[in-house]
Amino acid sequence: DVVHDWWVPSLGPKIDAIPGQTTTTWFEANEPGTYHGQCAEFCGVGHSTMAITVKVVSAAEWESFAGGLK
């Protein structure tokens, strides 16, 4: 594949996704909500469709969800 550069402007810096490498990052959102971003590095013909959506929820809502995964 190619290098992608994921970016959700409201949540912080860009993070590269490099083929064959594990990449991690973290952020702290100040408010619950839905945040949108996209690949910020031209990655080929599908670049314009490389969208990302991050849903930030309250701690209680997260615990309810995560508890159901066990």
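Me: How many helices and strands make up the secondary structure of the chain?

Reply: The chain has 1 helix and 4 strands; helices (H or I, at least four residues) and strands (E, at least two) are DSSP runs, numbered from the N terminus. Their order along the sequence is β-β-β-β-α. The radius of gyration is 14 Å, well over the 11 Å that the globule rule gives for 70 residues, so the chain is more spread out than a compact globule. That radius is taken over C-alpha atoms, and the globule rule is 2.2 Å times the number of residues to the power 0.38. This is a predicted model, in which local features need pLDDT of at least 70, side-chain atom pairs count only at pLDDT 80 or more, and totals for chains, interfaces and linings use all residues. Residues are numbered from 1 along each chain as its sequence is written, and side-chain values use heavy atoms, with hydrogens and water left out.

Me: What does the C-alpha trace of the chain span along its principal axes?

Reply: The spans are about 40 × 25 × 20 Å.

Me: What share of the residues counts as buried?

Reply: Buried means under 20% relative accessible area, exposed over 50%, and partly exposed in between (1.4 Å probe, protein chains only). Of the 70 residues, 17% are buried. The accessible surface comes to about 5,400 Å², and carbon and sulfur atoms contribute 56% of that area. These areas come from the Shrake-Rupley method with a 1.4 Å probe; for residues, only the protein chains shown count as cover.

Me: How many disulfides does a search of the whole structure find?

Reply: A disulfide is a covalent bond between the sulfur atoms of two cysteines. The criterion applied here is a pair of cysteine sulfur atoms within 2.5 Å. The search finds 0 disulfides.

Me: Why does the sulfur of Cys39 form no bond with that of Cys43?

Reply: The closest cysteine sulfur to that of Cys39 is in Cys43, and at 4.0 Å it is too far for a bond. Cys39 is buried, at 1% relative accessibility. Cys43 is also buried, with a relative accessible area of 14%.

Me: Which residues does Ile52 touch, beyond those up to four places away in sequence?

Reply: Contact means heavy atoms within 4.5 Å. Ile52 touches Trp6, Trp7, Val8, Tyr35, His36, Gly37 and Gln38. Ile52 belongs to strand 4 (residues 51-56) and is partly exposed, with a relative accessible area of 25%. Gly37 is 15 residues from Ile52 along the chain, yet their C-alpha atoms are separated by 5.1 Å. For the chain, 42% of the contacts with a separation of 6 or more are between residues 24 or more positions apart.
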